[in-house]
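Thanks for coming. I will go through one structure, a few residues at a time, so please keep the sequence and the picture in view.

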Amino acid sequence: MCEVLRALRREADLFVLAGSPGLVLGCAAGDLLRVSDSGAFEFAGQGGNVCVQAFREDGFTREQCADLTDSAGLLDGHAEAPPNLRFIVVKIGRSVGLAAIEQCLNGGAAEVDGVEWWFGNVDEPV
(Lines give C-alpha, C1' and ligand atoms only; values in the text may rest on other atoms or scores of the structure.)
Protein backbone atom coordinates (compact mmCIF):
# COMPACT_ATOMS: atom_id res chain seq x y z
CA MET A 1 0.00 0.00 0.00
CA CYS A 2 1.29 3.46 -0.85
CA GLU A 3 0.37 6.93 0.34
CA VAL A 4 1.40 10.20 -1.28
CA LEU A 5 1.71 13.31 0.89
CA ARG A 6 2.52 16.84 -0.13
CA ALA A 7 5.74 18.24 1.30
CA LEU A 8 7.79 21.39 0.95
CA ARG A 9 11.52 21.14 0.30
CA ARG A 10 13.68 22.91 2.91
CA GLU A 11 17.06 21.56 1.78
CA ALA A 12 18.23 19.00 -0.77
CA ASP A 13 17.00 16.07 1.34
CA LEU A 14 14.93 17.81 4.04
CA PHE A 15 11.16 18.26 3.68
CA VAL A 16 8.31 19.70 5.78
CA LEU A 17 5.16 17.57 5.61
CA ALA A 18 2.17 19.56 4.38
CA GLY A 19 -0.30 16.85 5.40
CA SER A 20 -0.56 14.18 8.08
CA PRO A 21 -0.28 10.53 7.00
CA GLY A 22 -3.04 8.00 7.35
CA LEU A 23 -0.87 4.91 6.91
CA VAL A 24 2.37 5.79 8.71
CA LEU A 25 2.90 6.36 12.41
CA GLY A 26 5.37 8.79 13.92
CA CYS A 27 4.80 12.02 12.02
CA ALA A 28 2.28 14.78 11.33
CA ALA A 29 1.85 17.83 9.14
CA GLY A 30 4.59 20.31 9.96
CA ASP A 31 7.18 17.68 10.88
CA LEU A 32 10.55 17.51 9.18
CA LEU A 33 11.58 14.39 7.26
CA ARG A 34 14.91 13.56 5.71
CA VAL A 35 14.29 11.66 2.46
CA SER A 36 16.92 9.62 0.61
CA ASP A 37 17.12 9.19 -3.16
CA SER A 38 15.53 5.75 -2.73
CA GLY A 39 12.47 7.30 -1.07
CA ALA A 40 13.26 5.98 2.39
CA PHE A 41 12.73 8.61 5.08
CA GLU A 42 13.59 9.32 8.66
CA PHE A 43 12.06 11.69 11.16
CA ALA A 44 14.18 14.84 11.49
CA GLY A 45 12.14 17.17 13.73
CA GLN A 46 8.76 17.74 15.31
CA GLY A 47 6.35 20.40 14.10
CA GLY A 48 3.46 21.83 16.07
CA ASN A 49 0.76 19.29 15.22
CA VAL A 50 -0.68 16.06 16.51
CA CYS A 51 -1.82 13.47 13.98
CA VAL A 52 -4.90 11.42 14.86
CA GLN A 53 -5.78 8.42 12.72
CA ALA A 54 -9.29 6.94 12.78
CA PHE A 55 -10.35 3.62 11.27
CA ARG A 56 -13.58 1.70 10.96
CA GLU A 57 -13.69 -1.86 9.60
CA ASP A 58 -16.47 -1.07 7.11
CA GLY A 59 -15.15 2.39 6.29
CA PHE A 60 -17.00 5.59 7.07
CA THR A 61 -20.17 7.04 5.62
CA ARG A 62 -20.07 10.69 4.61
CA GLU A 63 -22.21 11.51 7.65
CA GLN A 64 -19.84 9.70 10.03
CA CYS A 65 -16.89 11.46 8.44
CA ALA A 66 -18.68 14.78 8.94
CA ASP A 67 -19.30 13.98 12.64
CA LEU A 68 -15.59 13.38 13.26
CA THR A 69 -14.62 16.39 11.15
CA ASP A 70 -16.98 18.56 13.21
CA SER A 71 -15.41 17.24 16.43
CA ALA A 72 -11.92 18.10 15.16
CA GLY A 73 -13.15 21.53 14.12
CA LEU A 74 -14.07 22.30 17.73
CA LEU A 75 -10.31 22.28 18.40
CA ASP A 76 -9.39 24.17 15.22
CA GLY A 77 -8.31 20.85 13.73
CA HIS A 78 -8.51 19.72 10.14
CA ALA A 79 -9.72 16.28 9.02
CA GLU A 80 -9.11 14.54 5.70
CA ALA A 81 -10.11 11.19 4.24
CA PRO A 82 -9.41 9.39 0.98
CA PRO A 83 -12.29 9.21 -1.52
CA ASN A 84 -13.23 5.68 -0.35
CA LEU A 85 -13.50 6.96 3.28
CA ARG A 86 -11.54 3.93 4.52
CA PHE A 87 -9.83 6.03 7.21
CA ILE A 88 -9.77 9.59 8.51
CA VAL A 89 -6.71 11.64 9.42
CA VAL A 90 -7.01 14.61 11.77
CA LYS A 91 -4.41 17.35 12.30
CA ILE A 92 -4.73 19.32 15.55
CA GLY A 93 -2.29 21.79 17.05
CA ARG A 94 -0.15 20.23 19.76
CA SER A 95 -0.75 23.33 21.94
CA VAL A 96 -4.40 22.26 22.41
CA GLY A 97 -3.15 19.51 24.73
CA LEU A 98 -3.49 15.77 24.45
CA ALA A 99 -6.14 15.46 27.16
CA ALA A 100 -8.42 17.98 25.40
CA ILE A 101 -7.90 16.24 22.06
CA GLU A 102 -8.70 12.85 23.59
CA GLN A 103 -11.85 14.12 25.29
CA CYS A 104 -13.15 15.83 22.17
CA LEU A 105 -12.46 12.93 19.81
CA ASN A 106 -13.85 10.36 22.22
CA GLY A 107 -17.09 12.36 22.15
CA GLY A 108 -17.17 12.41 18.35
CA ALA A 109 -16.18 8.75 18.08
CA ALA A 110 -18.99 7.76 20.46
CA GLU A 111 -21.40 8.82 17.72
CA VAL A 112 -19.80 6.43 15.19
CA ASP A 113 -20.29 2.70 15.79
CA GLY A 114 -17.10 0.64 15.55
CA VAL A 115 -14.62 3.49 15.14
CA GLU A 116 -11.12 3.19 16.57
CA TRP A 117 -8.74 6.12 16.74
CA TRP A 118 -5.20 6.65 17.98
CA PHE A 119 -2.53 9.31 18.11
CA GLY A 120 -0.27 8.79 15.13
CA ASN A 121 2.71 10.73 16.45
CA VAL A 122 2.50 10.75 20.23
CA ASP A 123 4.68 8.42 22.28
CA GLU A 124 3.76 9.47 25.80
CA PRO A 125 0.52 8.16 27.34
CA VAL A 126 -2.42 10.53 27.70
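Let me begin with a question: is L85 buried or exposed? L85 counts as buried, because its relative accessible area is 10%, and buried here means under 20%. Before I go further, note that this is a predicted model.

Stay with L85 for a moment. It is found in the loop between β6 and β7, and β7 covers residues 87–93. Its phi is positive, at about 55°, although L85 is not a glycine. As background, most residues other than glycine have a negative phi.

There is another residue to set beside it, D76. D76 also is not a glycine, and its phi is positive, about 55°. D76 is found in the loop between α1 and β6. Is D76 buried or exposed? It is exposed, because its relative accessible area is 74% and the cut-off for exposed is over 50%. So we have L85 buried at 10% and D76 exposed at 74%.

The loop that holds D76 also holds L74, and it runs between α1, residues 62–73, and β6, residues 78–80. L74 has a relative accessibility of 66%, so it counts as exposed. If you look for D31, you will find its C-alpha atom 23 Å from that of L74, and the two residues are 43 apart along the chain.

Now to helix α1 itself. D70 is found in this helix. It is exposed, because its relative accessible area is 52% and exposed means over 50%. D70 also belongs to a negative surface patch, which is formed by E63, D67, D70 and E111.

On the other side of α1 in the sequence list, take F60, which lies in the loop between β5, residues 49–56, and α1. F60 is buried, because its relative accessible area is 6%. F60 and D113 are 53 residues apart in sequence, and their C-alpha atoms are 9.8 Å apart in space.

Next, charges that pair up. How many salt bridges does the structure hold? It holds one. The partners are R34 and D13, whose side chains meet at 2.9 Å, N to O. R34 lies in strand β3, residues 32–35, and D13 lies in the loop between β1, residues 7–9, and β2, residues 14–17, so the salt bridge ties together parts that are 21 residues apart in sequence. As for exposure, R34 counts as partly exposed because its relative accessibility is 30%. D13 also counts as partly exposed, because its value is 29%.

Between β2 and β3 there is a loop, and L23 lies in it. L23 counts as partly exposed because its relative accessibility is 38%. Its C-alpha atom is 7.0 Å from that of E3, and the two are 20 residues apart in sequence.

Now the aromatic residues. How many aromatic pairs does the structure hold? There is one aromatic pair. It is formed by W117 and F119, and the arrangement is edge-to-face: the centres are 5.3 Å apart and there are 85° between the planes. Why is it called edge-to-face? Because planes over 60 degrees apart count as edge-to-face, and here the angle is 85°. W117 counts as buried because its relative accessibility is 18%, and F119 counts as buried because its value is 15%.

My last residue is E102, whose place is in helix α2, residues 98–110. E102 is partly exposed, because its relative accessible area is 29%. Its C-alpha atom is separated by 9.1 Å from that of W118, and the two are 16 residues apart along the chain.

To close, here are three things to find in the picture. The salt bridge is between R34 and D13. The edge-to-face pair is W117 with F119. The negative surface patch is formed by E63, D67, D70 and E111. That is all from me.

Terms used:
Residues numbered from 1 in each chain as written. Predicted model: local features only at pLDDT ≥ 70, side-chain atom pairs only at ≥ 80, totals over all residues. Heavy atoms only, no water. Helix = DSSP H or I, 4+ residues; strand = E, 2+ residues; numbered from the N terminus. Buried < 20%, exposed > 50% of the residue type's maximum accessible area, 1.4 Å probe, protein only. Phe/Tyr/Trp six-rings, centres within 6.5 Å; stacked < 30°, edge-to-face > 60°. Patch = residues over 30% accessible without salt bridge, like charges linked within 9 Å, V, L, I, M, F, W, Y side chains within 5 Å. Areas by Shrake-Rupley, 256 points an atom, 1.4 Å probe, with all protein chains shown as cover. Salt bridge = Lys/Arg side-chain N within 4 Å of Asp/Glu carboxyl O. Lys, Arg positive; Asp, Glu negative; His and termini not counted. Charge placed at Lys NZ, Arg CZ, Asp CG, Glu CD.
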